[in-house]
Amino acid sequence: MSFREKLLSGKFTVTAEISPPKGTDVSGMMKEARIIKDAVDAVCVTDNQRAIMRMSPLAACSALSQEGFETIMHLTCRDRNRLALQSELLGAAHLGIKNLLVMSGDYPTKGDHRGAKPVYDLDSVQLLDTISSLNSGIDLSGNSLEGKTEFFSGAVSNTQLTEVALMKLGKKIKAGARFIITQAVFDAGRFSEFMDKIRDAGWKQTGIIAGIIPLRSEKSAQFLNKNIPGVKVPDDMIRRFASSSAPGALGIELAADLINELRGICHGVHIMPIGTHENTRKILEMAGL
Amino acid sequence: MIISRLKEFKDILKAVKEQNIFIIGCGKCATKQHVGGEPQVLEMKKRLRGSGKNVVGWTILSSACIISSWDEVLSQNPEIEKAEALLVMSCGGGVSVLSANVKQLVYPALDTESLGGVCRDEVVKEQCGMCGECDIHLFGGLCPVSHCPKGMQNGPCGGSVEGKCEVDERKCVWDEIQKRLELLGRLEVLKDIHEPKDHSKRRCRE
């Protein structure tokens, strides 16, 4: 069953993040992906994440699909204008990529090419709208396409939202986001408050997938709090890692417990490891997935 | 007002190869921001001389970007003829307008940053993104093109956390837009999806 079918049929989905290589050699990426093969419904392939230059997600998705992986291609608004975004999307459709995850993209000064021109010709709402248009066979200028796309698009969201951020999420859904992957969740109770907001807004048709970052140590938690906007590892959790004699095992246990709690609350989980996927399979097995 | 900042002196010195220099300051924006008024021009003269350059003269034009007669400027400042190069302490607009009128090479002493203003003697930066299709009223009078580093049209990006922008120390303008529209009782306008900007309006000449 495809990721789309599974999510639309109300089954709990599992996805995991994979980064394309910094270079031309995809063997490391393929090795990472093979660790989680059959444990996940799709691998989510990042697009110059944190503004660090890597192989294009289009090429990486293509390599992964040749090995039988279903992919979700990230597409940011940072590096391409509306011409480049649309031609990339037509190319992706031709290569058999079915799922997209759209986001604004971290600012260039956060990454390894600080002087790069930030594009942001479209924002994430406008890009989702553009994809909906390509799906109906029309480009952003109203021209008809020879062969239309059939993308299943999603967007991202923080879980602590101001009113204006919630309004933007509503626009993303209106513009065609069929699923939302959230920033990392550490507390199911607080995440429920986000789900209440989604329910109150009446966005029943949208699959909500909770982001999971399995922690490895006190240091990794501190790093996330300091460097990733929207991520807040609770202080009591940091203290547990600080006093633990086996922080690695604690991280696996906490992630599995969290996934178990989330199964009754949302529509899927998305694993974003720090470094490798070596623990992802263990976490999913422990969570009974 | 055009917002500019003074270049590092070492970079100016590295660029200017000529020996005989005439300095031109600007009486408008650059004076107001203390980057191209008389005190800064005199300081520049002192530093250039200290570095072995010959400053043949200097002047402050009432506005470097508005030249009604270059001949008049020349008759009032005959030393310009002796200069091999002009160092202009104004925004890029002034440097360009002057470059088109003089026979020497013109060097910029400032870097132009944004279109801003002055409010109660405080210089405010990045007030207008010069997009060529102003719809600032839809954002409570706060321009997202200029205030948001990503120019987001439909709301904050994921890098906006607790009112702070991910890019630098600035506040997220989207929180300010929300507050302003709440005060105006117009929060519902934020639900409208804004179309992509038409960049042909920004660059194309009629």
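Domain bounds, as I use them here, come from an automatic or database domain assignment. With that settled, I opened this predicted model and started with chain B.

**Entry 1: domains of chain B.** I looked up the assignment and found domain 1 (2-113) and domain 2 (129-199) in chain B. I then took the centres over C-alpha atoms, and domain 1 of chain B and domain 2 of chain B turn out to be separated by 37 Å.

**Entry 2: an open sheet in chain B.** Next I traced a three-stranded sheet, which is open, antiparallel and ordered β1-β6-β7 in chain B. I noted that β1 (2-6) and β7 (122-128) of chain B are the edge strands; each has a single partner strand, so one side of each has no neighbour in the sheet. On average, neighbouring strands here are turned by 60° against each other, ignoring direction. I checked one pairing more carefully: five bridges link β1(B) with strand β6 (residues 110-119) of chain B in the antiparallel sense. Along it I found Leu6(B) opposite Leu110(B) of β6(B).

**Entry 3: a covered strand.** I moved on to strand β2 (residues 20-26) of chain B, where six of the seven residues are buried. I asked myself which strands β2(B) is joined to by bridges. Strand β3 (residues 54-61) of chain B runs parallel to β2(B), with seven bridges between them. Strand β4 (residues 85-89) of chain B is also parallel to β2(B), and there I count five bridges. For anyone clicking along, Phe22(B) faces Gly57(B) in β3(B), and Ile23(B) has Leu87(B) in β4(B) as its bridge partner.

**Entry 4: helix α7 of chain B.** I listed the buried residues of helix α7 (residues 173-183) of chain B: Val173(B), Trp174(B), Ile177(B), Gln178(B) and Leu181(B). Their arc around the axis is only 145°, which means that they lie on the same side of α7(B). That fits a rule I keep handy: an α-helix has 3.6 residues a turn, so residues three or four places apart point the same way. What do the buried residues of α7(B) pack against? I found α6 of chain A, together with α6 (144-147) of chain B. After α7(B) comes Gly185(B), with a positive phi near 70°.

**Entry 5: the contact between the chains.** The packing on α6 of chain A sent me to the interface. I found 29 residues from chain A and 22 residues from chain B in the contact. On the side of chain A that touches chain B, α5 (124-135) and α6 (163-175) of chain A each supply at least two residues. The largest share, nine residues, belongs to α6(A). By type, I sorted this side of chain A into 12 nonpolar, eight polar and nine charged residues.

**Entry 6: two positive phi values.** I also looked for positive phi outside glycine. Arg50(A) has one, near 55°, and sits in the loop between β2 (42-45) and α3 (57-66) of chain A. Is Arg50(A) buried or partly exposed? I get 15 other C-beta atoms within 10 Å, so Arg50(A) is partly exposed. Glu126(B) is not a glycine either, and its phi is positive at about 50°. This residue lies in strand β7 of chain B, one of the edge strands from Entry 2. I marked Glu126(B) as partly exposed because 18 other C-beta atoms lie within 10 Å, whereas buried would need 20 or more.

Definitions and conventions:
Residues numbered from 1 in each chain as written. Chains lettered and ligands numbered in written order. Predicted model: local features only at pLDDT ≥ 70, side-chain atom pairs only at ≥ 80, totals over all residues. Pairing = 2+ DSSP bridges. Helix = DSSP H or I, 4+ residues; strand = E, 2+ residues; numbered from the N terminus. Axes fitted to C-alpha atoms, helices over the stretch in contact; angles between N-to-C directions. Contact = placed C-beta atoms within 7 Å. Nonpolar A, V, L, I, M, F, W, Y, C, P; charged D, E, K, R; others polar. Buried ≥ 20, exposed ≤ 12 C-beta atoms within 10 Å, placed from the backbone. Arc of directions from axis to C-beta.
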